[in-house]
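Reader: I'd like a close look at one part of this model and then a walk outward from there. Could you take a loop residue and tell me how it sits, and then go through what surrounds it in your account?

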Amino acid sequence: MVDIYRSRCGATSELRERHDPIIYGRWNPQAPLTQRQVEFYERNGYLILKNVFIDDEVKRLQEEAQSLIADPAAMNQDTIITESGGNEVRSIFAIHQQNTLFARLAADQRLAGIARFLLDDIPYIHQSRLNYKPGFAGKEFYWHSDFETWHVEDGMPQMRALSMSVLLADNNENNGPLLLIPGSHASYITCVGETPEEHYRTSLRKQEYGVPDCDSLRHLASMHGIEAMTGEAGTVVMFDCNIMHGSNSNITPFPRSNAFFVYNACSNALVEPFGPKTQRPAFVADRSFEPLCIVDGTLTE
Ligand code: 6CS
Ligand code: FE
């Protein structure tokens, strides 16, 4: 099988075209998004949804996230990623497998129902995480395409996945909000360099391989600009698996915590990694996936 998304194998990076649709479903009046929202998402590769949850639900999620970070010892220790050069918790992975409320959130119709429509398939959770980005110590996530990593290191065949980020704190222009390059999802930037052994042990703290070169980033940013995904707690930011994104460090006293869920189409289940054949651990890339059973109603019912 020719790997149309080969990366980390050439001396120079290339800007290639995307060979997969952005939206697999066909809009209809019963769709969970308006036609304008679908058109915006297709053109830009992201969409911000406000007032998805009622205040009580947001409060409950914030309390739950706080209790997890207050007692990380209760979690599977492999899933706890600390900041490089410190002990502050940067991320807790596989939260949908370790916490009932976040499992319920991952399966919520208001998130998973949108993923099912856009992917035109029943989704499963490829990966979930709580990114805390604590005040003063939260470090950056350098520019990258998630799909480039998930294709090379996890064996994700096609661009038929998307991320939903539920803001659990106000994300403003100061405390390191998600930055993305609108429209960059339509191009595929190959990266130079190889993939180190057990790369996830460093990449989840500071990604240095599978990151695009400056010329490619300069080209994309000059063409499309850069947007900051700001919003109050409870806002949902959804973005295509291949959009170029990153975030700055947080030197303010205010944490920038978000819950991320990656919805992958069941028909796009992982095969052997297209780069090094060593599979990443299940907490980063779920291979025993179960199709999601999508749930209606509020989180606090
Ligand atoms: O390697 C990964 O799967 C993770 N790395 C980043 C920076 N974003 C996606 C994902 O959390
Ligand atoms: Fe990412």
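Author: Let's start with aspartate 120, keeping in mind that this is a predicted model. Is aspartate 120 buried or exposed? Strictly, neither: aspartate 120 has a relative accessible area of 49%, so it counts as partly exposed, because that class lies between the 20% limit for buried and the 50% limit for exposed. You'll find aspartate 120 in the loop between H5 and strand S5 (123-131). Its backbone deserves a glance too, since phi is near 55°, a positive value in a residue other than glycine.

There's another residue with that kind of backbone angle. Alanine 94 isn't a glycine either, yet its phi is positive, at about 55°. This alanine 94 sits in the loop between strand S4 (89-93) and helix H3 (95-98). With a relative accessible area of 3%, alanine 94 is buried, whereas aspartate 120 is partly exposed.

Now for the helix on one side of the aspartate 120 loop. The largest nonpolar core has 46 residues, and Phe102, Leu130, Phe261 and Tyr263 are the ones that touch the most other members. Helix H5 (residues 109-119) gives the most to this core, 7 residues. In general terms, nonpolar side chains in soluble globular proteins tend to be buried together. Take leucine 130: once you set aside its neighbours within four places in sequence, its contacts include Phe102, Ile92, Ile95, Leu68 and Leu168, along with Arg90 and Asn258. Apart from that core there's a second, separate one of 14 residues, with Tyr124, Phe147, Val262 and Cys266 among them.

Tyr124 gives us a way to the far end of the chain, because alanine 269, which counts as buried at 19% relative accessibility, has Tyr124 among its contacts. Leaving aside neighbours within four places in sequence, alanine 269 also touches Gly155, Pro157, Asn264 and Phe289. You'll find alanine 269 in the segment after strand S13 (258-265). Its partner proline 157 is 112 residues away in sequence, but their C-alpha atoms are 7.5 Å apart in space.

Next, the ligand. Which residues surround ligand 1? Gln127, Arg129, Phe141, His144 and Asp146 are on the list, and so are Thr149, Trp150, Leu204, Gln207 and Arg280. A polar side-chain atom of glutamine 127 comes to 2.8 Å from a ligand 1 oxygen, while for arginine 129 a side-chain N or O atom lies 3.1 Å from an oxygen atom of ligand 1. With histidine 144, the partner is a nitrogen atom of ligand 1, at 3.2 Å from a polar side-chain atom. On its own, ligand 1 has 300 Å² of accessible area, and the protein covers 95% of that.

Then there are the charged pairs. The count comes to 14 salt bridges. As background, side chains of opposite charge can pair when their charged atoms come close. Arginine 8 and glutamate 148 make one of them, at 2.8 Å from N to O. Arginine 8 is in the segment before strand S1 (15-17) and glutamate 148 is in helix H6 (residues 146-152), so this pair ties together parts that are 140 residues apart in sequence. Arginine 8 also forms a salt bridge with glutamate 153, where the closest N and O atoms are 2.9 Å apart. That pair links distant parts as well: glutamate 153 lies in the loop between H6 and strand S7 (161-167), 145 residues from arginine 8. Relative accessibility is 7% for arginine 8, so it's buried, and 1% for glutamate 148, so that one is buried too; glutamate 153 is likewise buried.

Elsewhere, glutamate 83 and arginine 90 meet in a salt bridge at 3.0 Å from N to O, and both glutamate 83 and arginine 90 are buried. Glu57, Arg104, Asp108 and Arg110 go further and are linked in a network of salt bridges.

One last arginine, with backbone partners. Arginine 18 is found in the loop between S1 and helix H1 (35-44) and is buried at 9% relative accessible area. Its side chain reaches the backbone oxygen of histidine 185 at 2.9 Å, and a polar side-chain atom lies 3.4 Å from the backbone oxygen of methionine 159. Beyond neighbours within four places in sequence, arginine 18 also has Tyr5, Ala186, Asp240 and Asn242 among its contacts.

Conventions: Residues numbered from 1 in each chain as written. Chains lettered and ligands numbered in written order. Predicted model: local features only at pLDDT ≥ 70, side-chain atom pairs only at ≥ 80, totals over all residues. Heavy atoms only, no water. Core = buried A, V, L, I, M, F, W, Y, C linked by side-chain atoms within 4.5 Å. Buried < 20%, exposed > 50% of the residue type's maximum accessible area, 1.4 Å probe, protein only. Helix = DSSP H or I, 4+ residues; strand = E, 2+ residues; numbered from the N terminus. Contact = heavy atoms within 4.5 Å. Near = heavy atom within 4 Å. Polar contact = N/O pair within 3.5 Å; in protein donor to acceptor, adjacent residues only side chain to side chain. Areas by Shrake-Rupley, 256 points an atom, 1.4 Å probe, with all protein chains shown as cover. Salt bridge = Lys/Arg side-chain N within 4 Å of Asp/Glu carboxyl O.
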